Amino acid sequence: MKKINVILAGWGGYGQFYADVLIRNPHGLEYSFRAVIDPFLREEDKVALDGLNIPYFDDLDAFYAEGTAELVIISAPIHLHRPMCETATRNGSTVLCEKPAAARLCELLEMREYETRYKKNIFIGFQWSFADPILELKRDLLRGVYGRALSGKAIVLWNRDVSYYNRSTGWAGKRKSKDGAYVYDSVASNATAHYLNNLLFLLGDGMDASAEVAEIQADCRRANPIETFDTCVLNIQTAKGQELLFIASHAADRNIDPIFEIVCEKAVIACDFSRDSGLLTARLPDGSSKQYGALNTPEQEQKKIVNTINWLGSAPGVEKPVSTVMTTRPFAGVIDYIFEAIEFKTFDREVIFDRADNRYYVPRLSDTLMDYYNSCECREIIHGL
Ligand SMILES: NC(=O)c1ccc[n+]([C@@H]2O[C@H](COP(=O)([O-])OP(=O)(O)OC[C@H]3O[C@@H](n4cnc5c(N)ncnc54)[C@H](O)[C@@H]3O)[C@@H](O)[C@H]2O)c1
């Protein structure tokens, strides 16, 4: 197996997940953690990196002036993904880029062009598309084990406080960055994006394809003083007529961890992150079931690193990751459409600012959204908040 050079762009925030795994190397992978790219490192970060003997640079060009890397992991703000992918692939690196691939669909298509032009892959870090339970389920769905998938739904309610929106370089909840680049940050495109992408991914026609989208209805609202939205109800119809419901909020009064369900002709597939570490299960009408394993575990979240490094290092028996730029195109299309076509409204219900917790919330919103979710049966979709 080849030993590869890995660099990490974006040290803070979610970058710390990558930093931790790359430094500890709990899976004994063959790589060298070659450098960190981040122009906003704090003094203590620099001291820590010096202690680890890992050099740091302000940008990718500065790194490439003196080194090469087989893999660049991008965990920087959304609007930097496309330009960083261009620099990385042009310099001969494969990329594992955090989700969402880019703000706009046209940028994602440019990223596809970089892959072709520079003959390098860009994988997108939607971790559930690398996780064993999801991949095994998808193989069964594609083999028709459960018949046709008819509908799917997902809900996740995670309140985020004011400091979440004010963190880092000030891009959270923004349409555009200070220098005019598209960000399109929202509850649906960022923290809960996994669960929307996962519905589309599982209903795709191939391992590296997601379901094509035909129609979208969206109710997008904000309780926080942000430009975009912190709460949404999305009704999506796929090109094959499957109906999807996606509900997410950062302004709910009570947190509800991700729950999703896919109704097929011969089974109901369900996962609830608050139970059994998110055990993914297919239940059949005769009372039998198949368990695919727990999804909400550190090991499954780390699969995106493990699989990408092992594939690049030509480890035996390792398949190419399927979470590619084009796999996430339908997800990007949904987000692009929402930002282009939907008016984001402020809540017309009471909004409370909880000074002690430094957060906004809408009283009874969790119950309202959970009731919507529970009452939505196969092919019966509820509109509006
Ligand atoms: N997969 C997941 O579960 C998950 C979870 C959280 C965030 N994310 C994704 O990770 C990405 C980063 O999000 P975040 O919340 O950590 O953001 P953040 O703003 O909190 O942190 C981003 C880091 O990038 C650095 N950075 C800023 N400009 C840079 C530049 N020009 N070059 C290099 N580094 C730069 C910042 O200094 C900071 O250290 C986003 O795409 C987000 O959607 C994924």
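In this predicted model, β13 and strand β14 (residues 289-294) pair in the antiparallel sense, over five bridges. Within that pairing, L280 stands opposite G293 in β14. The hairpin of β13 and β14 has five residues between the strands, and G287 takes a positive phi near 95 degrees there.

On the other pairing of β13, strand β12 (residues 268-272) is the antiparallel partner, over three bridges. I269 stands opposite A282 in β13. β12 and β13 also form a hairpin, with six residues between them, and D276 in its turn has a positive phi of about 50 degrees.

The side chains of strand β13 (residues 279-283) alternate. L280 and A282 point to one face and are buried, while L279, T281 and R283 point to the other and are not. In general, the side chains of a regular strand alternate between the two faces of the sheet.

The strand pairs with a stated bridge count are set out below.

| Strand pair | Sense | Bridges | Opposed residues |
|---|---|---|---|
| β12 and β13 | antiparallel | three | I269 and A282 |
| β13 and β14 | antiparallel | five | L280 and G293 |
| β4 and β5 | parallel | four | I74 and C97 |

**The parallel sheet**

Strand β4 (residues 71-74) and β5 belong to the parallel class, with four bridges between them. The bridge partner of I74 is C97 in β5. Both strands appear in an open sheet of six strands, ordered β3-β2-β1-β4-β5-β6 with parallel pairing. β3 (56-57) and β6 stand at the edges of this sheet; each has a single partner strand, so one side of each is left without a neighbour in the sheet.

**Domains and their contact**

The domain assignment divides the chain into domain 1 (4-126) and domain 2 (128-375). Taken over C-alpha atoms, the centres of domain 1 and domain 2 are separated by 24 Å. Their contact takes 35 residues from domain 1 and 36 residues from domain 2. On the side of domain 1 that touches domain 2, at least two residues each are supplied by β1 (4-9), α1 (15-24), β5 (94-97), α5 (105-118) and β6 (122-124). The largest share of that side, five residues, comes from α5. By class, the side of domain 1 that touches domain 2 has 22 nonpolar, seven polar and six charged residues.

**Ligand shell**

There are 24 residues around the ligand, of which G10, G12, G13, Y14 and S168 come nearest. The shell is made up of ten nonpolar, ten polar and four charged residues. Domain 1 and domain 2 each give at least three residues to the shell around the ligand.

**Nonpolar core and helices α8 and α6**

The largest nonpolar core has 117 residues, and L196 and F246 have the most contacts inside it. Helix α8 (residues 193-202) gives the largest share of this core, seven residues. The core draws at least three residues from each of domain 1 and domain 2. Leaving aside residues up to four places away in sequence, F246 touches A154, Y195, L196, L199, L234 and I236. In soluble globular proteins, nonpolar side chains tend to be buried together.

Ten of the ten residues of α8 are buried, so the helix is largely enclosed by the rest of the structure. The buried residues of α8 include H194, N197 and N198, alongside L196, L199 and F201. Those buried residues pack against α6 (132-142), β7 (149-157), β10 (243-249), β11 (256-264) and α10.

In α6, the buried residues are P133, I134, L135, L137 and L141. They pack against β7, α8, β12, β13 and β14, a list that includes the strands of both hairpins described above. After α6 comes G144, with a positive phi near 80 degrees.

**V322**

V322 lies in the loop between α9 (298-312) and α10 (329-341). V322 counts as partly exposed because there are 18 C-beta neighbours inside 10 Å, where 20 or more would make a residue buried. Not counting residues up to four places away in sequence, V322 touches S129, M207, D208 and T327. V322 and S186 are 136 residues apart along the chain, and their C-alpha atoms are separated by 25 Å.

Notes:
Residues numbered from 1 in each chain as written. Predicted model: local features only at pLDDT ≥ 70, side-chain atom pairs only at ≥ 80, totals over all residues. Domains from an automatic or database assignment. Contact = placed C-beta atoms within 7 Å. Nonpolar A, V, L, I, M, F, W, Y, C, P; charged D, E, K, R; others polar. Near = placed C-beta within 6 Å. Buried ≥ 20, exposed ≤ 12 C-beta atoms within 10 Å, placed from the backbone. Core = buried A, V, L, I, M, F, W, Y, C linked by C-beta atoms within 7 Å. Pairing = 2+ DSSP bridges.
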